[in-house]
Amino acid sequence: MPFIPCLKHEGSYILYIKVNQDKAEFICEECCLQLQELNLNLNIQELIHIKTAYKSPQLLLTHKDYSSYIKQSLNEYDKFNENCIRGIFKDINTQISKIQNAFQIVQEELEYYTKQFLNMKQKFKDELTKLIKFEQFKQIIENLENLGDSISSKVMEENEKILYQYLQDLKNMDHKELHIQLLDKMKLLRIEFKDLYQEQYPQFSKLQDELKSFNISYQGFIKQIKFIKFEQFNFNFSGTQLLQEWFQYKILNTIVSKNKKIITNIEKIYLSNQDGLNAQAFWNKINYRSNLLMIFKSKSGYIFGAFSPCQWISGGGSYVQDNKLSSFIFSQTQDQIYPIKDAQKGNAIYCNQSYGPIFGGGHDLYFQPDFQNGSSSLGHSYSCDQYQISNRNTHLFGQSNPNIAECEIFMLTFS
Ligand SMILES: [Zn+2]
């Protein structure tokens, strides 16, 4: 980015571009101060900061109908610069090596405890061996074994007697005493080897915590990946058969600039061709939902619709207020958008399960449950004075009744 000297102020360099109705000017900081002193209503926000525009070409776009959607999307993308992405990878790598180490330590821990366990088991066995004089039993078997082929029936009988005596002694032992002694031994052993149960594998618990925190940042990572996959531009708005692409952008642009939020998802929730074109089918699909974009085609081929952030709740009939003032009706056929009037924000939509969708207090857009009968009093709650309209009642439909042939409804999600 080169330094351009200001010709009016020596030693000062150009910072901004000031765009007026009939000209563009390069100005420096001194120029700004001068303009402010002259009280020329200089709005810093309206200046184009050259260094920023150099990196973000979208700042030069000014056409209100189309640019703010693209601008906001690109501004979001600009947040994901190289540094930011490098940072994400660094975090993930740190966590991966932490987890690798943790697995290693858990393996060592497991080996250690396994050894301890086997040792304890052996000592316990040794104790039992002592208590039941197991050596005597072993001695009998070994004696016989050592005799080999020279074994005689006399020797066999003698040993059987000894074995019987041994088993009798064992049977006559005080079993309660034996039991108590074994339990005592068990207690001592557990203290000696530390209680495995109480210790609960401390490194393993640590690993579980590591995995948990990895899972959280992994979710964030997935979000970033989704973002980098250009899902912003790919939210499947191709799902509409009625809106043409140039008008989709105009509609989305209007919604984004009114809501000051990025659209992250567009979900098709109702298609009259599949779901049926009547009030019951309509309410089944849209009840309790908000941020709905409705698109209609009348039998004469007129395409129009409406967007409102308000929640549709079926009931006996009540208006819903749009405090965001972001509801609007539109006509693709006329290439027009009719925003809700400030004073009419309390009448944005009207919910009544005995009717189809209703917009405005007039009603500006009103459908009987069959979507064939109804009316339009455009201009009551939604403003249309900015256009020259010869007949406000037929302007949207192409005739005085809606006579709807097709309806599509999409639910929008914002960031
Ligand atoms: Zn200057």
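## Domains, helix packing and strand pairing

The C-alpha centres of domain 2 and domain 3 lie 74 Å apart in this structure, which is a predicted model. The domain assignment of the protein places domain 1 at residues 14-79, domain 2 at 84-213 and domain 3 at 237-414.

Two packed helices are described by the angle between their axes and the distance between the axes. Helix α4, which covers residues 82-131, packs against helix α7, residues 175-192, at an angle of about 155°, and the two axes are 10 Å apart. Angles over 145 degrees count as roughly antiparallel, and α4 and α7 are therefore roughly antiparallel to each other. The crossing in which α4 passes α7 is right-handed. On the α4 side the contact is made by Met120, Lys123, Phe124, Glu127, Leu128 and Leu131, and these meet Leu178, Gln181, Leu182, Lys185, Met186 and Leu189 of α7. Sorted by character, the residues of this contact between α4 and α7 comprise eight nonpolar, one polar and three charged.

Strands of a sheet pair through backbone hydrogen bonds, either parallel or antiparallel. Three of the strand pairs are set out below, each with one bridge partner.

| Strand pair | Sense | Bridges | One bridge pair |
|---|---|---|---|
| β4 (residues 263-271) and β14 (residues 404-414) | antiparallel | seven | Ile266 and Leu412 |
| β5 (292-298) and β14 | antiparallel | seven | Ile295 and Glu408 |
| β11 (residues 358-359) and β12 (residues 365-367) | antiparallel | two | Ile358 and Tyr366 |

Strand β14 thus appears in a pairing with β4 and in a pairing with β5. The strands β11 and β12 belong to an open sheet of five strands, whose order is β7-β10-β11-β12-β13 and whose pairing is antiparallel. At the edges of this sheet stand β7 (318-320) and β13 (374-375), each of which has a single partner strand, so one side of each is left without a neighbour in the sheet.

Two details of the backbone deserve a separate look. Most residues other than glycine have a negative phi, and most peptide bonds are trans. A cis peptide bond, with omega about -5°, joins Gly362 and His363, and His363 is placed in the loop between β11 and β12. Tyr288, a residue other than glycine, has a positive phi near 70°, and Tyr288 is found in the loop between α12 (279-286) and β5 (292-298).

Note on methods: Residues numbered from 1 in each chain as written. Predicted model: local features only at pLDDT ≥ 70, side-chain atom pairs only at ≥ 80, totals over all residues. Axes fitted to C-alpha atoms, helices over the stretch in contact; angles between N-to-C directions. Helix = DSSP H or I, 4+ residues; strand = E, 2+ residues; numbered from the N terminus. Parallel < 35°, antiparallel > 145°, perpendicular 65-115°, else oblique. Left-handed = near helix turned anticlockwise from the far one by under 90°. Contact = placed C-beta atoms within 7 Å. Nonpolar A, V, L, I, M, F, W, Y, C, P; charged D, E, K, R; others polar. Pairing = 2+ DSSP bridges. Domains from an automatic or database assignment.
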